[in-house]
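I opened my notebook to go through this structure one spot at a time. Here is what I looked up, in the order I wrote it down.

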Amino acid sequence: MTDVLVLGAGLAGLAAARDLAAGGADVLALEARDRVGGRVEQLELPDGRVLQLGGEVVGAFHTAYLGLAAELGLETMPSYVAEPGATSWWLPEATGRGDHPPGFSAADAESAERVEAALLALARQVDPDDPWSHPDAAALDAVSVAAWMREQGASPAVLRMHELAALSMAGGSEERRSLLGVLRQVAVAGAQEIYGEERWEGMRLATGSASLALRMGEELGDRVRLGAVVSAIDVTRSGVTVTLREGETLRAAAVVCALPVGPLRDVAVTGVSEARLASLHRQRQARSAKVVAGYPGPVWRSLSGNGLAVSGGIVGSTWAQGPDAPSMLVGPERLGVFLSAPPAVRRAEVLALLADLYGGAALEPEAYLERAWGLDPFTQGYIAQWAPGDLTAVGPLHGTHEPPFYVAGSDHWVCGYMEGAVRTGRSAAAALLGDRSAVTASAAAGGSSTAATRP
């Protein structure tokens with residue numbers, strides 16, 4: 001029997017296991033894959049270049065991630081925001097470059113500023129740690145962002161621009177995103193703009209985002225067990241039993257569940273309150289995919305682009321992962337179309353769109369890679385998705401613990417899935433170590449502790 005079992009060795013599970021081990025706990029992390037990192041993954045090409053197939057960028061307010069990177073001796077550098085040139089737009093009827101889509105008028109720009117100001121004013125009233133405390137929380141959660149923008153008199157061009165931007169982030173249509181969920185995200189970033197590339201995505205690790213997971217995996221060594229697929233979790237006052245798919249059982253005093261909410265629904269969980277399970281099972285992730293193409297150099301510069309594009313085509317966005325590789329996202333509304341085509345056909349369609357944006361050189365990549373995270377059985381999605389009504393249904397149990405059952409993962413924070421993973425992983429470890437200290441102190445004093453049964 002071990003002190004703590006950590007389920008999942010993505011950023012959340014690794015961060016929790018690392019802090020637990022540093023705190024003196026006997027910890028074992030169980031990972032279903034044959035690698036650590038979860039939705040942070042990299043691949044080395046034959047020429048030595050490394051491409052990131054999962055999460056890449058972070059912003060200045062992602063302090064937990066940046067703090068952990070500093071502890072591990074990993075340096076940051078500017079992300080795609082440092083690329084010279086203009087943002088590109090691809091619409092079925094036109095392409096263009098600039099801050100706004102083709103055909104955006106001065107009146108549309110005024111409408112956009114007015115709508116953004118109104119949304120920021122609302123966001124400043126929302127506590128990101130407790131959005132349910134807002135007096136109009138239920139009403140704000142019941143309406144979609146698009147419906148609210150129409151109520152504000154947003155012009156059709158403004159609505160379309162925000163829809164394109166939402167789909168480019170792979171989080172789903174503005175017609176299916178909770179206003180309260182977006183207000184919460186905007187609030188945690190300081191409510192200074194709806195989404196600012198510099199503030200939200202201005203940095204990346206110089207050695208690639210996956211190096212954070214790899215470094216923690218190296219530190220933990222044999223405290224991480226790969227190829228361990230969890231099928232059941234049984235929680236009792238005396239401890240936790242975890243059953244693996246092959247039938248093996250493992251016992252621990254406590255468990256940190258860092259499984260994404262989709263795969264968690266496939267695990268039989270007993271001994272946890274019905275309310276908490278209902279909250280966990282009510283969450284969702286956007287079924288999305290990522291595409292990366294590698295070139296000899298920055299193909300986007302030939303037409304004065306900066307590698308950042310918003311698209312109404314088969315991929316929703318592009319950005320410069322590095323000086324020679326654009327990353328792309330395929331949002332949930334487009335994933336079915338993307339996957340329905342034979343691989344060679346969809347590859348050709350993606351490259352044709354890149355050629356429209358950046359010129360004919362984009363048709364000849366040296367590498368082309370896809371990761372359909374939405375179909376991966378161990379993720380079943382890419383980023384958290386909050387549809388109208390979701391926050392109200394999940395409720396204030398979101399991200400909280402029921403000792404000896406603790407939760408961690410990007411699903412349990414507000415925005416920025418790498419930040420959310422690190423932040424909640426470290427928070428779960430701190431809570432567990434604190435509860436463990438309370439139990440130890442109580443036992444030494446001959447008393448009983450309620451820490452293990454706190455709801």
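**Entry: Leu351.** I looked up Leu351 in this predicted model and found a relative accessibility of 3%, so Leu351 counts as buried, the limit being under 20%. Leu351 belongs to helix α13. What does Leu351 touch, once residues up to four places away in sequence are set aside? I noted Tyr295, Ala362, Leu363, Pro365 and Tyr368. For Ala362 I also looked up the spacing: Ala362 and Leu351 are eleven residues apart in sequence, and their C-alpha atoms are 6.4 Å apart.

**Entry: helix α13.** Next I checked the helix that holds Leu351. Helix α13 covers residues 343–358, which makes 16 residues. Its end C-alpha atoms are 22 Å apart, and this agrees with the 22 Å expected at 1.5 Å a residue. I then asked which residues of α13 are buried. My list reads Arg346, Val350, Leu351, Leu353, Leu354, Ala355, Leu357 and Tyr358. Just past the end of α13 I stopped at Gly359, which has a positive phi of about 105°.

**Entry: Ser327.** I moved on to strand β19, residues 325–330, where Ser327 sits. Is Ser327 buried or exposed? Its relative accessibility is 0%, so Ser327 counts as buried. The side chain of Ser327 makes a polar contact of 2.5 Å with the side chain of Glu56. Without the neighbours within four places in sequence, the contacts of Ser327 are Glu56, Lys290, Val291, Val292, Ser317, Thr318, Trp319 and Gln321.

**Entry: strand β19.** I wanted to know why β19 is described as largely enclosed by the rest of the structure. The reason is that six of its six residues are buried. I checked the two faces as well: Ala325, Ser327 and Leu329 lie on one side, Pro326, Met328 and Val330 lie on the other, and all of these are buried.

Then I looked at the partners of β19.
- Strand β16 (residues 289–294) runs antiparallel to β19, and four bridges join the two. In this pairing I found Lys290 opposite Leu329.
- Strand β18 (residues 317–322) is also antiparallel to β19, with five bridges. Here Thr318 faces Met328 of β19. β18 and β19 make a hairpin, with two residues between them.

A reminder I wrote in the margin: strands of a sheet pair through backbone hydrogen bonds, in a parallel or an antiparallel way.

**Entry: a three-strand sheet.** I looked up the order of an open sheet of three strands and wrote down β5-β9-β6, with antiparallel pairing. Its edge strands are β5 (57–58) and β6 (76–78), each of which pairs on one side only. Between β6 and β9 (residues 203–205) I found three bridges, and Met77 has Arg204 of β9 as its bridge partner. Helix α2 (residues 63–71) lies across β5, β6 and β9, at about 35° to β9.

**Entry: another hairpin.** β7 (residues 86–91) and β8 (residues 94–97) run antiparallel and are joined by four bridges. Two residues make the hairpin connection from β7 to β8. I picked out Ser88, whose bridge partner in β8 is Arg97.

**Entry: salt bridges.** How many salt bridges are there? The count comes to 26. I wrote up a few pairs.
- Arg276 and Glu402 form a salt bridge through their side chains, 2.7 Å from N to O. This pair links distant parts of the chain, 126 residues apart: Arg276 is in helix α11 (residues 274–282), and Glu402 is in the loop between α14 (390–394) and β22 (405–407). Both Arg276 and Glu402 are buried.
- Glu193 and Arg199 form a salt bridge, with their closest N and O atoms 2.8 Å apart. Glu193 has 19% relative accessibility and counts as buried, whereas Arg199 is partly exposed at 24%.
- Arg49 and Asp47 form a salt bridge of 2.9 Å, N to O. At 18% relative accessibility, Arg49 counts as buried.

My last note is about a network of salt bridges that links Arg18, Asp19, Glu71, Glu219 and Arg426.

Key. Residues are numbered from 1 along each chain as its sequence is written. This is a predicted model: local features need pLDDT of at least 70, side-chain atom pairs count only at pLDDT 80 or more; totals for chains, interfaces and linings use all residues. Side-chain values use heavy atoms; hydrogens and water are left out. A salt bridge is a side-chain nitrogen of Lys or Arg within 4 Å of a carboxyl oxygen of Asp or Glu. Buried means under 20% relative accessible area, exposed over 50%, partly exposed in between (1.4 Å probe, protein chains only). Two strands pair if DSSP finds at least two bridges between them. Contact means heavy atoms within 4.5 Å. Axes are lines fitted to C-alpha atoms, for helices over the stretch in contact, and angles run from 0 to 180 degrees between N-to-C directions. The expected span of a helix is 1.5 Å times one less than its number of residues. A polar contact is a pair of N or O atoms within 3.5 Å; within protein, one must be able to donate a hydrogen and the other to accept it, and residues adjacent in sequence count only if both atoms are side-chain atoms.
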